[in-house]
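Please open the model in your viewer and keep the selection panel at hand. The tour goes from one selection to the next, with a short note on what is there.

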Amino acid sequence: MTDNSIFSVIGRQRACRAYSDEPVPDDVIAQVLRAATFAPSAENHQPWEFIVVRDSARRSEIARLMQRAWEDYGRAFSEPRSTPKLLTDVHRGMTGGFATAPVWIVVAADLDRTLDVTVQSSIYPAVQNLLLAATALGLGSALTTIATLAEELATLLALPNNVQPVAVVPLGYPARPLAPPKREPFEAHTHRETYDTNW
Ligand SMILES: Cc1cc2nc3c(=O)[nH]c(=O)nc-3n(C[C@H](O)[C@H](O)[C@H](O)COP(=O)(O)O)c2cc1C
């Protein structure tokens, strides 16, 4: 049986870039989004708006925008700093893997319900909750930001001017089990009292 203690879920959460076509029921999505809304936000304004996209033509269009952003500038931007393995994984996701997700959740900020300086910082905690809840429910997901500035995305989703996309999250059951994520030990980046004393 899956260990769904918070530390186990956190230790499993990672980007999924290939999905099965198994549908995700509304009540499962509701659980994920309810978890998202328990995130902190500046002054508790809760400025999030979630656009859940299931329609296949609309999903394809989001995937197309993402692929275009990747091919036009994303890949060249990331290439100098990415390992070949990560670049290959991301490339596969951006050019077709993410398109297999049966659901996209666009997480947006209502600019009338947050200050300019906290738009991103009041949305990303909710996105992280969403990713963790998805993991606990056996779903794959990924945080992407590349397509969020596209005017086409706003048009496609009929966003009013005050609603700005912050993250685009594909969601669905993974096509295959995800290996554990790799992270540097926290000790490598932790200091006692002042920076010159390592943990
Ligand atoms: C701000 C941000 C933007 C990201 N954008 C993308 C993206 O455009 N495409 C992608 O495949 N992954 C994207 N990721 C996922 C990262 O590549 C991933 O979290 C990181 O490589 C760790 O890998 P893991 O999740 O497999 O452990 C993004 C993550 C963050 C935090």
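Select strand 1 together with strand 2, residues 103-110, and you will see, in this predicted model, two strands that pair in the antiparallel sense over six bridges. To look at one of these positions, pick Glu49, whose bridge partner in strand 2 is Ala108.

Now add the other strands to the selection: four strands form an open sheet, with antiparallel pairing, and their order is 1-2-4-3. Strand 1 (48-53) and strand 3 (140-141) stand at the edges of the sheet, and because each has a single partner strand, one side of each is left without a neighbour there.

Next, select helix 3, residues 56-78, which lies across strand 1, strand 2 and strand 4 (163-172) and runs at about 110° to strand 1.

Keep helix 3 displayed and add helix 4, residues 84-97; the two helices pack at an angle of about 165°, with their axes 9 Å apart, which means that helix 3 is roughly antiparallel to helix 4. Their crossing is right-handed. To show the contact itself, select Met66, Gln67, Trp70, Gly74, Arg75 and Ser78 on helix 3, and Leu87, Val90, His91, Met94 and Thr95 on helix 4. Sorted by class, the residues of this contact are five nonpolar, five polar and one charged.

Finally, turn to the ligand, and ask which of the 13 residues around the ligand come nearest. They are Arg14, Ala15, Val90, Thr144 and Pro181. The shell around the ligand consists of eight nonpolar, three polar and two charged residues. Val90 is worth a second look, as a residue of the helix contact that is also listed by the ligand.

Conventions. Residues are numbered from 1 along each chain as its sequence is written. This is a predicted model: local features need pLDDT of at least 70, side-chain atom pairs count only at pLDDT 80 or more; totals for chains, interfaces and linings use all residues. Two strands pair if DSSP finds at least two bridges between them. Two residues are in contact if their C-beta atoms, placed from the backbone, lie within 7 Å. Axes are lines fitted to C-alpha atoms, for helices over the stretch in contact, and angles run from 0 to 180 degrees between N-to-C directions. A residue is near a molecule or strand if its C-beta atom, placed from the backbone, lies within 6 Å of it. Ala, Val, Leu, Ile, Met, Phe, Trp, Tyr, Cys and Pro count as nonpolar, Asp, Glu, Lys and Arg as charged, and the others, Gly among them, as polar. Angles under 35 degrees count as roughly parallel, over 145 as roughly antiparallel, 65 to 115 as roughly perpendicular and the rest as oblique. A crossing is left-handed if the near helix is turned anticlockwise from the far one by less than a right angle, and right-handed if clockwise.
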